[in-house]
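Ready for some practice in reading a protein structure? Take the exercises below in order, and try each task yourself before you look at the solution.

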Amino acid sequence: MKTIFQRIIDREIPAKIAHEDEHCIAIHDINPQAPVHVLFVPREPVANTDALADEQVELIGRVVLAARAYARRAGIAESGYRMVMNTNGDGGQTVFHLHLHLLGGRALHWPPG
Ligand code: AMP
């Protein structure tokens, strides 16, 4: 069964798209945890960092660079931001298509709960 992000990539369901390129799509999180909360999703389906094959490592760099560019455009590069990839149960992953959360626009607490 397709994940919700695959259905968004395939344009089967709508989403608020923040950025798109040949490698990834970025959508505004439906339940934002910060003023900026955007999800960077590689078009290539891979469940999470645990499932990532060696030859897919470039996907990670692509989503990081896309998120960095978005953070600059959104004006949060200097104030700061966080990039997060949740993996499996204890990591808090709920959608099993790898994605990077970009969070910013407010001070973020550390360590996370
Ligand atoms: P994770 O818990 O790391 O798997 O993150 C999944 C994220 O996807 C959560 O922050 C959800 O709020 C978000 N989410 C789930 N469905 C949608 C959707 N249809 N559009 C945008 N964000 C979504």
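Helices (H or I, at least four residues) and strands (E, at least two) are DSSP runs, numbered from the N terminus. Residues are numbered from 1 along each chain as its sequence is written. This is a predicted model, in which local features need pLDDT of at least 70, side-chain atom pairs count only at pLDDT 80 or more, and totals for chains, interfaces and linings use all residues; side-chain values use heavy atoms, with hydrogens and water left out.

**Exercise 1. Backbone angles**

Task: find where Arg11 sits, and state its phi and its accessibility.

Solution, step by step:

- Start with the place: Arg11 belongs to the loop between α1 (4–9) and β1 (17–20).
- Next, look at the backbone: Arg11 is not a glycine, yet its phi is positive, about 60°.
- Most residues other than glycine have a negative phi, and most peptide bonds are trans.
- For accessibility, buried means under 20% relative accessible area, exposed over 50%, and partly exposed in between (1.4 Å probe, protein chains only).
- Arg11 has 47% relative accessibility, so Arg11 is partly exposed.

Now do the same for Asn88. Asn88 is found in helix α3 (residues 88–91), and its phi is also positive, near 60°. With a relative accessible area of 33%, Asn88 is partly exposed.

Finish with a peptide bond: is the one from Trp110 to Pro111 cis or trans? The bond is cis, with omega near 0°. Pro111 lies in the segment after β5.

**Exercise 2. The nonpolar core**

Task: describe the largest nonpolar core and say which elements supply it.

Solution, step by step:

- Begin with the term: a nonpolar core is a set of buried Ala, Val, Leu, Ile, Met, Phe, Trp, Tyr and Cys residues joined through side-chain atoms within 4.5 Å.
- The largest one has 13 residues, and those with the most contacts inside it are Val36, Val38, Phe40, Tyr70 and Leu102.
- At least two residues of this core come from each of β2 (24–28), β3 (36–42), α2 (58–74) and β5 (100–104).
- Helix α2 gives the largest share, five residues.
- A separate core has eight residues, including Ile8, Ile9, Val41 and Val95.

In soluble globular proteins, nonpolar side chains tend to be buried together.

To zoom in on Leu102, use contact in the sense of heavy atoms within 4.5 Å. Beyond its neighbours up to four places away in sequence, Leu102 touches several residues, among them Val36, Phe40, Ala67, Tyr70 and Met83.

**Exercise 3. A pair of rings**

Task: decide how the rings of Phe40 and Tyr70 are arranged.

Solution, step by step:

- Recall the rule: rings of Phe, Tyr and Trp (its six-membered ring) pair if their centres lie within 6.5 Å; planes under 30 degrees apart count as stacked, over 60 as edge-to-face and the rest as tilted.
- The ring centres of Phe40 and Tyr70 are 6.1 Å apart and the planes stand at 65°, so this pair is edge-to-face.
- Under this rule, the count is one aromatic pair.
- Phe40 is in strand β3 and Tyr70 in helix α2, 30 residues apart, so the pair links distant parts of the chain.
- Both Phe40 and Tyr70 are buried.

**Exercise 4. The ligand**

Task: find which residues surround the ligand and which polar atoms lie beside its oxygen atoms.

Solution, step by step:

- A residue counts as near a molecule if one of its heavy atoms lies within 4 Å of it.
- By that measure 16 residues surround the ligand, the closest being Asp29, Asn86, Gly92, Thr94 and His101.
- A polar side-chain atom of Asp29 is 2.5 Å from a ligand oxygen atom.
- For Gly92, a backbone N or O atom is 2.9 Å from a ligand oxygen atom.
- For His99, a polar side-chain atom is 2.9 Å from a ligand oxygen atom.

His101 deserves a closer look. His101 lies in strand β5 and is buried, with a relative accessible area of 12%. Its contacts, leaving aside neighbours within four places in sequence, include Asp29, Val38 and Asn86.

**Exercise 5. Far in sequence**

Task: how many residues apart in sequence are Ala34 and Leu103?

Solution: they are 69 residues apart in sequence, and their C-alpha atoms are 5.9 Å apart in space. Ala34 lies in the loop between β2 and β3 and is buried, with a relative accessible area of 8%.

Terms used: Polar contact = N/O pair within 3.5 Å; in protein donor to acceptor, adjacent residues only side chain to side chain.
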